[in-house]
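Student: I have a model open and want to go through it with you. Can we start with the overall picture and then look at details?

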Amino acid sequence: MNYCRIFTELAESFLEKIVNGSSINKPHFAVKILDVVLTCVGHHDYEVAEITFNLWYRLSEELYQKNNDSLTSLFKPYVERLIQALCRHCQMEPDHEGLLEDGDDFADFRLKVSELIKDMVFIVGSSNCFRQMFLSLQTPGVTWDSSEAALFVMQAVAKNIL
């Protein structure tokens, strides 16, 4: 968790420079820190991933303010990887029965994930995100918990599809 905090704080410190100093042909050299942060997001503990949420909110705000499609497309692969990782984190335990309880830590985490995805989906496109989750539902041998997580992500972006 502490390494994640360090890398996330570093990324947040350089975020404005990364966005302002990047162009479609030449990303800023510090953009590699997003790979490190995504490694942290890939950790099995969802609480580690939650540490990075403010960074992703700030990135979406910066890109929304710039309103530059070529700049936004530069960050698209990072956001796609983020959404895939968040989908994995949203999987319930395979032996879980019933609904998640209100006020449960995991239920709160899933609400935060839903809000983050809604804020960031403009970078990858709602249709693209929906399509990726639909394809994951069609993989052979898909389990109920991964199907439910993909459907959870799909419902977060469904209202934005044209």
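Student: What share of the residues counts as buried?
Tutor: Of the 162 residues of the protein, 42% are buried, where buried means under 20% relative accessible area, exposed over 50% and partly exposed in between, with a 1.4 Å probe and protein chains only. This is a predicted model, in which local features need pLDDT of at least 70 and side-chain atom pairs count only at pLDDT 80 or more, while totals for chains, interfaces and linings use all residues. Residues are numbered from 1 along each chain as its sequence is written, and side-chain values use heavy atoms, with hydrogens and water left out.

Student: How many helices and strands?
Tutor: There are nine helices and zero strands. Both are DSSP runs numbered from the N terminus, helices being H or I with at least four residues and strands E with at least two. Along the sequence the pattern reads α-α-α-α-α-α-α-α-α.

Student: And what about the radius of gyration?
Tutor: The protein has 16 Å, which agrees with the value near 15 Å for a compact globule of 162 residues. The radius is taken over C-alpha atoms, and the globule rule is 2.2 Å times the number of residues to the power 0.38. Along the principal axes, the C-alpha atoms fill a box of roughly 50 × 40 × 30 Å.

Student: What part of the contacts is between residues 24 or more positions apart?
Tutor: They make up 75% of the contacts with a separation of 6 or more, a contact being heavy atoms within 4.5 Å.

Student: Pockets next. What volume does the largest pocket have?
Tutor: About 280 Å³. Of the 14 residues lining that pocket, Arg88, His89, Gln91, Glu93 and Phe106 are the closest to its centre. On a 1 Å grid over the protein atoms alone, a pocket is an open set of points where a 1.4 Å probe fits, with protein on both sides within 12 Å along at least five of seven lines; lining residues have an atom within 4 Å of a point. Grid points are joined across faces, edges and corners, and the volume is the space filled by probe spheres set on them.

Student: Which helix gives the most to that lining?
Tutor: Helix H6, residues 76-89, with three residues. By class, the lining has six nonpolar, six polar and two charged residues. Asp, Glu, Lys and Arg count as charged, Ala, Val, Leu, Ile, Met, Phe, Trp, Tyr, Cys and Pro as nonpolar, and the others, Gly among them, as polar.

Student: Switching topic: how many disulfides?
Tutor: Zero, with a disulfide taken as a pair of cysteine sulfur atoms within 2.5 Å. For Cys40, the nearest cysteine sulfur is that of Cys4, 4.1 Å away. For Cys129, it is that of Cys87, at 8.6 Å.

Student: Is Cys129 buried or exposed?
Tutor: Cys129 is buried, at 5% relative accessibility. Cys40 is buried too, with 11%.

Student: Which residue has a positive phi although it is not a glycine?
Tutor: Asn67, with a phi of about 50°. Asn67 sits in the loop between helix H4 (53-66) and helix H5 (69-74) and is exposed, with a relative accessible area of 66%.

Student: Last one, the serines. What does Ser126 touch?
Tutor: Leaving out residues up to four places away in sequence, Ser126 touches Val121, Val157, Asn160 and Ile161. Ser126 belongs to helix H8, residues 126-137, and is buried at 11% relative accessible area.

Student: Then where is Ser147?
Tutor: In helix H9, residues 144-157. Ser147 is buried, with a relative accessible area of 15%, and contacts Leu137 and Val142, neighbours within four places in sequence aside.
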